[in-house]
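Biologist: I am new to this model, so please pick one spot and take me through it closely. After that, feel free to follow up with a second stop.

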Amino acid sequence: MAELWCEMVIVVLGIVFLSCGTTGSSGKTSSFVRSQWPSVDIPLDNQVFEVPKGRSAPQQVHITQGDYDGKAVLISWVTTEEIGPSEVTYGTSKKNYVFNAVGRVTNYTFYNYTSGFIHHCLLDGLEYDTKYYYKIGTDDSAREFWFETPPKIDPDAPYTFGIIGDLGQTYNSFSTLEHYMHSGGQTVLFVGDLSYADRYEYNDVGIRWDSWGRFIEQSAAYQPWIWSAGNHEIEYMPNLGEVFPFKSYLHRFATPYVASNSSSPLWYAVRRASAHIIVLSSYSPFVKYTPQWRWLQEELRRVDRKKTPWLIVLMHVPLYSSNLVHYMEGESMRAVYEDWFVHYKVDFVFAGHVHAYERSYRISNIYYNVSSGDCYPVPDNSAPVYMTVGDGGNQEGLAGRFWDPQPEYSAFREASYGHSTLEIRNRTHALYHWNRNDDGKKVPTDSVIFHNQYWARNLLRRRLEKSHSNSGGDQINC
Ligand SMILES: [Fe+2]
């Protein structure tokens with residue numbers, strides 16, 4: 001049935017490439033050039049940054065997954081004039097908030113900026129596949145939102161993720177966010193570089209974090225954004241007396257790192273529907289024996305493809321990119337982790353950092369060492385597909401210069417703004433789109449049907465599982 005479904009989609013869409021990302025066909029460099037809006041931040045008095053009405057009304061509301069398996073949600077918001085309660089009331093019908101949870105509040109200073117009161121509140125013990133309504137704030141300042149929990153962990157649970165990176169707060173950022181919100185995505189996988197507030201060194205770093213929080217609220221208050229950190233979150237500014245890396249980011253964006261036995265909010269894992277998502281930190285120690293290395297080694301062993309067939313890794317710096325900007329900055333992490341990604345048959349590695357889009361074929365370079373002479377990526381069916389989606393639309397503009405000729409590992413590349421969606425259909429197939437912002441329109445530009453690395457690649461395993469199920473084992477629905 002899955003194969004039949006695939007063929008139908010190909011016919012209907014017409015533009016879809018059937019690709020497993022091996023190689024054998026030459027890559028494509030898109031020549032598309034759009035009329036580019038200026039890469040400047042939207043002025044602070046624009047309505048996209050509007051402060052909600054009411055004294056000390058909760059603002060910058062955003063949610064993320066709060067546990068390992070999707071039965072908890074972490075809700076964060078900021079109040080300004082008064083602390084207000086760190087309390088969320090919630091329920092499964094509108095205006096009927098029968099549950100409550102109490103969180104914690106924090107704040108920080110950055111140079112001459114003092115943040116508002118930053119609240120983080122965990123709602124746990126939730127039901128799967130359920131819509132919850134929630135309220136924060138009090139009296140005239142109270143605000144109401146909703147979110148939907150994912151289906152329970154199941155290998156055939158369909159689910160749609162959006163992938164956004166390097167977003168910033170320009171008119172292009174607004175276009176990306178608006179297009180994503182009409183994409184059907186249920187959770188954002190964010191690949192680092194959030195607000196670009198660090199571009200306001202000396203002035204307004206904190207103010208531009210606040211405006212970005214209000215900007216993304218239209219999506220992030222209603223569905224989880226799974227965070228990973230980029231270089232614009234480091235904010236190491238000794239000239240300002242600010243030497244604690246990730247200070248703003250860590251205060252503002254909570255992650256459920258403890259639930260995956262991580263020792264740092266910067267790297268962690270969650271399972272959601274049929275996906276196991278591993279978040280790595282490009283800017284934290286990752287070489288052998290470091291905490292991140294040891295944690296990743298353990299986390300990869302915990303992955304159970306029979307429960308979560310889709311194995312996804314997020315990081316900021318791409319391991320494979322043929323763009324001239326940031327070229328080979330991910331090489332040190334590639335040298336450390338690539339053989340694990342191949343061994344565990346990771347499906348996708350999503351990254352940002354480079355302000356363009358690129359998709360690789362399934363290739364690896366794990367036989368390379370400084371003495372072997374085998375220094376070229378080669379086709380490898382066990383390797384992930386590497387996607388660079390650093391094209392959210394920030395004030396630094398596009399990275400439009402690629403290596404020429406296009407390397408054999410590069411399947412598609414284009415320097416435009418946009419975002420991606422990954423529609424997981426079942427344990428064997430997922431439909432992927434990179435959607436270009438074409439002025440007012442969202443245009444699916446790179447569309448691929450992916451076969452799952454564990455289930456769809458091993459026909460023998462599927463047949464054995466099927467015969468096992470026919471003899472009384474677990475029912476397998478391929
Ligand atoms: Fe970056």
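Modeller: Leaving aside residues up to four places away in sequence, N394 touches D166, L167, G168, T170, S173, D193 and Y196; touching means that C-beta atoms placed from the backbone lie within 7 Å. This is a predicted model, where local features need pLDDT of at least 70, side-chain atom pairs need 80 or more, and totals for chains, interfaces and linings use all residues. Numbering starts from 1 along each chain as its sequence is written.

N394 sits in the loop joining β23 (385–389) to β24 (410–414); strands are DSSP E runs of at least two residues, helices H or I runs of at least four, numbered from the N terminus. N172 lies 222 residues away from N394 in sequence, yet their C-alpha atoms are 7.1 Å apart. N394 counts as buried because it has 28 C-beta neighbours inside 10 Å, the cut-off being 20 or more.

Now for helix α6. Its 13 residues, 331–343, should span 18 Å at 1.5 Å a residue, and the end C-alpha atoms are indeed 18 Å apart; the expected span is 1.5 Å times one less than the residue count. Even so, α6 has a kink of about 50° centred on Y337, the angle between axes fitted to the seven residues ending there and the seven starting there.

Y337 is also among the buried residues of α6, along with M333, R334, E338, F341 and V342. An α-helix has 3.6 residues a turn, so residues three or four places apart point the same way. The cover over these buried residues includes β18 (310–314), β19 (348–351) and β21 (363–364). Just past α6, K345 adopts a positive phi of about 50°.

How values were computed
A residue is buried if 20 or more other C-beta atoms lie within 10 Å of its own, exposed if 12 or fewer, and partly exposed in between; C-beta atoms are placed from the backbone. Two residues are in contact if their C-beta atoms, placed from the backbone, lie within 7 Å.
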